[in-house]
Amino acid sequence: MFKNFWYAIAFSDEITAAPSKHRLLAQDLVLWRTSKGEVRALSNTCIHRGGSLSQGTVNEDDDLVCPYHGWGFGGDGACTVIPANGRGKPISKRARVDAYPVEERHGWIWVFPGDIPEADRVPIPDLSFMDDPEYRSIRGEWTWDANYERVVENGTDQSHTPFVHGGVFGDPKAPPVEEFEIELGEWWARLTVEQRSPNKPAGKISQIFPKSRAYKEEDPPPVLVKTAFFFPSIVMIDLTIPKLGRQVIWDTNIPIDENTTLTKWVGMRNFYKTPWADRIAKKMILKVFAQDDVVVNEIRPELIPEELNGELHLRSDQMSLEFRRIKQKAVDLGYSVLGTSEGTKSSRTIIASPYRREEGLENAFILPATPEGTTTL
Ligand code: FES
Ligand SMILES: [Fe+2]
């Protein structure tokens, strides 16, 4: 897993004035929305006696109040109130928790678990397509017992579809991957390919997905498929279905820890836009997740091998190769964090926040940050 990247960890409307707990990179964070509508993110562990800040309340200054002894923490993580000291007493600068940058974009809340300066951060990808009001959107979640890298690779893997999703999306009788095109960015890759659809109608799903009732002919025209990843955790699957329309699925694959991934997805379509079709579209998407889940949760090793030659790659695996090449850049930058939640209820990871680099705060943090590449248990 990697620190120093932006992660979309919640849908916008999930973050309200009530504090909520979110696990990311094996660390618990607390998020809340101020009266001005801004979202704040702190490390969830109070540095006084380890209280869980997400059980707290928000005071009239929009600060988060720990449920245990009532210390208040501002958006910068600095303690503003220590009730046991009485009013007007100076507060040690060591009374602070890590605070992380937050952005709200494309219907998601993005958090930056890391300490590198703004100028060095890989920007949030431009997903403005997600804001297009011409599309009808549905959304949901899926939790995997798998490392997020295996989940991201699966999302852009073309050659598994006839086998894992045969009959729904991908034709088991036509497994060869057609000629494809790959576009590469510094931190993303996108594949474009035509894919045969199965000929047999897939029940009710056929009303809305590739093998549509619109097709009477034996050989339906191929679906134009684009899949992309934006490192580390966003996946896009974009299907243009002849005579029907376009369906685009966006996943944020949140690394909860090394062994658990929480996917929050948005499905957009520009056909059958009435609400009655939502249920069918959702069922379809969840069926695809369920099919992948069976295979992905059993992949070994759980983490993708460190060496490129640790698995055998074919022409049709180029997206995985690009993911692994880009991942190596993050390793080389020293952004790796390892962490598992197994065997403990508590979080042991603390990602250093930008405040740790501020002058005068170098020694202000009680809880040491988890060093690069070390396991947290
Ligand atoms: S544990 Fe948070 S105020 Fe004491
Ligand atoms: Fe799949």
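## A tour from strand β17 outward

Start by selecting β17 together with strand β18 (residues 260-269): the two pair in the antiparallel sense, with ten bridges between them. The model is a predicted one. The link from β17 to β18 is a hairpin of two residues. Pick I249 in β17 and look across to β18, where its bridge partner is G267.

Now turn to the other neighbour of I249. Strand β16 (residues 234-241) pairs with β17, also in the antiparallel sense, over eight bridges. Here I237 is the residue opposite I249. β16 and β17 form a hairpin as well, with three residues between them. Stop at K243 in that turn, whose phi is positive, about 65 degrees. Most residues other than glycine have a negative phi.

Is β17 enclosed or open to the outside? Colour residues 245-257 by burial. Eleven of the 13 residues are buried, so the strand is largely enclosed by the rest of the structure.

**The loop before β16**

Step back along the chain to P232, in the loop between β15 (223-230) and β16. The peptide bond that leads from F231 to P232 is cis, and its omega is near 0 degrees. A second cis bond is found between R300 and P301, with omega about -5 degrees. To find P301, go to the loop between α3 (276-296) and α4 (318-332).

**The nonpolar core**

Next, select the largest nonpolar core, which has 81 residues. Which members touch the most others? They are Y7, L42, I109, V111 and F229. β16 gives the most to this core, six residues. Both domain 1 (7-120) and domain 2 (128-328) give residues to the core, so it lies between them.

Centre the view on Y7. Setting aside neighbours within four places in sequence, its contacts are L24, W110, V111, P113, S233 and I254.

**Strand β1 and the domain boundary**

Colour the chain by domain, with domain 1 at 7-120 and domain 2 at 128-328. The centres of the two domains, taken over C-alpha atoms, are 35 Å apart. Across the boundary, eleven residues of domain 1 are in contact with 13 residues of domain 2. On the domain 1 side, β1 and β2 (20-24) each supply at least two of the residues that touch domain 2. β1 gives the most to this side, with four residues. By type, the residues of this side of domain 1 are eight nonpolar, two polar and one charged.

Stay with β1, residues 7-11. Four of its five residues are buried, so this strand is largely enclosed by the rest of the structure. Its antiparallel partner is strand β11 (residues 108-111), joined over four bridges. For a checkpoint in this pair, select A10 and find I109 opposite in β11.

Two residues with positive phi can be visited from here. N4 is in the segment before β1, and its phi is near 65 degrees. N4 is buried, with 22 other C-beta atoms within 10 Å. H106 is in the loop between β10 (102-105) and β11, and its phi is near 55 degrees. H106 is buried too, with 20 other C-beta atoms within 10 Å.

**The annotated span and an open sheet**

Select residues 6-111, which an unreviewed UniProt entry marks as "domain: Rieske". The end C-alpha atoms of this span lie 6 Å apart, and its content is 0% helix and 39% strand.

Then show the four-strand sheet, ordered β2-β3-β4-β9, which is open and antiparallel. β2 and β9 (99-100) are at the edges with a single partner strand each, so one side of each has no neighbour in the sheet. Within this sheet, strand β3 (residues 27-33) and strand β4 (residues 39-43) run antiparallel, joined by five bridges. W32 is opposite R40 in β4.

**Helix α1 and what follows**

Last, move to helix α1 (residues 148-155), where eight of the eight residues are buried. Among them are Y148, E149, R150 and N154.

Beyond this helix, select H160 in the loop between α1 and α2 (161-164). Is H160 buried or partly exposed? With 18 C-beta neighbours inside 10 Å, it counts as partly exposed. To end, draw a distance from H160 to S336: their C-alpha atoms are separated by 28 Å, with the two residues 176 apart along the chain.

Definitions and conventions. Residues numbered from 1 in each chain as written. Chains lettered and ligands numbered in written order. Predicted model: local features only at pLDDT ≥ 70, side-chain atom pairs only at ≥ 80, totals over all residues. Buried ≥ 20, exposed ≤ 12 C-beta atoms within 10 Å, placed from the backbone. Pairing = 2+ DSSP bridges. Domains from an automatic or database assignment. Contact = placed C-beta atoms within 7 Å. Nonpolar A, V, L, I, M, F, W, Y, C, P; charged D, E, K, R; others polar. Core = buried A, V, L, I, M, F, W, Y, C linked by C-beta atoms within 7 Å. UniProt positions renumbered as here; feature names shortened; annotations may be inferred.
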